[in-house]
Amino acid sequence: MKSELELNNTSMIDPFGRMVEYLRVSVTDRCDFRCVYCMAEDMTFLPKKELLTLEELERLCTVFVGKGVRKLRLTGGEPLVRRGVMTLIRNLGKLLDDGSLQELTLTTNGSQLARFSDDLFAAGVRRINVSLDTLDEEKFAEITRWGRLPQVMAGLEAAKKAGLSIKINAVALKDVNEHEIESMLNWAHGEGYDFTLIETMPLGEIDEDRTDQYLPLSTVRERLEEKYSLADIPYKTGGPARYVKVKETGGRLGFITPMTHNFCESCNRVRLTCTGTLYMCLGQEDSADLRAPLRASEANDLVSQAIDEAIGRKPKGHDFVIGRNQAPAVGRHMSTTGG
Ligand code: SAM
């Protein structure tokens, strides 16, 4: 049996030589929004008894950090709607103290930021991603079905005031926000936020046809280049975005292009769901159950072994296709796997 020290010293390297240093954790599959490209309006969520407790999530994250994870991103569903989530965040934040964890961050829809921003900063969070697809109140209500824009705007203000760096993530949606991208870019950079565009991915059944929503970012970039000077920069946050500097605004613009150009060759991520399922790729079905080995023993050897086995099966990449009558690449929604 490996000693605790040996366990702590192993790093996770997959069959393609990629080092896994980044864990995304979906702390809940529930959300207070119902974005049209993400969820069906009438979603069935997991029964509470299926969920890992916050203590179990913390234990799993700590095991991952012991095995070489340097960046943790909490996501969901909406991470800030899980009851007691601040306790988890505070405890995970302690891993930053000795440098074993380098960054603790989260992806949020912003609805709860007015309440939580100061606590997030106090817990060691320094950077957050806020998903926002439009600045038009009516359109916002249409896209999110249940959300209200002023609430998110108030959340952003609170986050800024608390000292958090903010990146706005917008899914580029044909006919919906495609003509607003320029104004969103100007607004985000004017506020001092980074701005990243994301291509919509075929994850889970929704109420609409994804072909009607899909807007390739190659098209968006060409259009932006008619007005702006975009210079590729090597800036990296550990995620899949590729960045340019926008000369006219002085800000950074990211492109996440899983459809037109995937960057699987540099993938350093795995994703843990709130039930303890580990997905080694966002766009593949293969997974590993970590809940059973976690619960089978108070020591972490079994779960550590299960993680090693899973990393040994991390696939080379995904191959998303969006087309008429095309089934989603995977059956689960982004809210299950964690965005
Ligand atoms: N509730 C949080 C939020 O809104 O950021 C975290 C979870 S949400 C699932 C994470 C990100 O995934 C959001 O930026 C959302 O826009 C994005 N997303 C959801 N479904 C997607 C899809 N099918 N394709 C691309 N991005 C998607």
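A polar contact here is a pair of N or O atoms within 3.5 Å. The close-ups below come from a predicted model.

**View 1. Polar contacts hold a place around the ligand at G77, E78 and S131**. Start with G77, where a polar backbone atom sits 2.9 Å from a nitrogen atom of the ligand. Next comes E78, whose side chain puts an N or O atom 3.0 Å from a ligand nitrogen. Over at S131, a polar side-chain atom is 2.5 Å from an oxygen atom of the ligand. On its own the ligand would expose 550 Å², and the protein buries 94% of that.

**View 2. The shell around the ligand counts 17 residues**. Y37, G77, E78, S131 and M201 are the closest of them. Sorted by class, the shell has nine polar, five nonpolar and three charged residues.

**View 3. T105 is a buried residue in strand β3**. The strand covers residues 103–108. T105 has a relative accessibility of just 1%, so it counts as buried. Its side chain still finds a partner: the backbone oxygen of R127, at 2.5 Å. Leaving aside residues up to four places away in sequence, T105 touches K71, L72, R73 and L74, along with V125, R127 and I128.

**View 4. Cysteines C267 and C281 are in no disulfide**. In fact, searching the whole structure turns up zero disulfides. For C267, the nearest cysteine sulfur belongs to C264 and is 6.6 Å away. For C281, the nearest cysteine sulfur is again that of C264, this time at 6.0 Å. A disulfide would need the two sulfur atoms within 2.5 Å, so neither distance qualifies. As for cover, C267 has a relative accessible area of 13% and is buried. C281 is buried too, with a relative accessibility of 9%.

**View 5. T53 sits in a loop between β1 and α2**. Strand β1 spans 22–26 and helix α2 spans 54–66. Is T53 buried or exposed? Neither label fits, because its relative accessibility is 35%, and that counts as partly exposed. To give a sense of scale, pair T53 with L217: their C-alpha atoms are 39 Å apart in space, and the two residues are 164 apart in sequence.

How values were computed:
Residues are numbered from 1 along each chain as its sequence is written. This is a predicted model: local features need pLDDT of at least 70, side-chain atom pairs count only at pLDDT 80 or more; totals for chains, interfaces and linings use all residues. Side-chain values use heavy atoms; hydrogens and water are left out. Buried means under 20% relative accessible area, exposed over 50%, partly exposed in between (1.4 Å probe, protein chains only). A residue is near a molecule or strand if one of its heavy atoms lies within 4 Å of it. A polar contact is a pair of N or O atoms within 3.5 Å; within protein, one must be able to donate a hydrogen and the other to accept it, and residues adjacent in sequence count only if both atoms are side-chain atoms. Accessible areas come from the Shrake-Rupley method with a 1.4 Å probe; for residues, only the protein chains shown count as cover. Ala, Val, Leu, Ile, Met, Phe, Trp, Tyr, Cys and Pro count as nonpolar, Asp, Glu, Lys and Arg as charged, and the others, Gly among them, as polar. Helices (H or I, at least four residues) and strands (E, at least two) are DSSP runs, numbered from the N terminus. Contact means heavy atoms within 4.5 Å.
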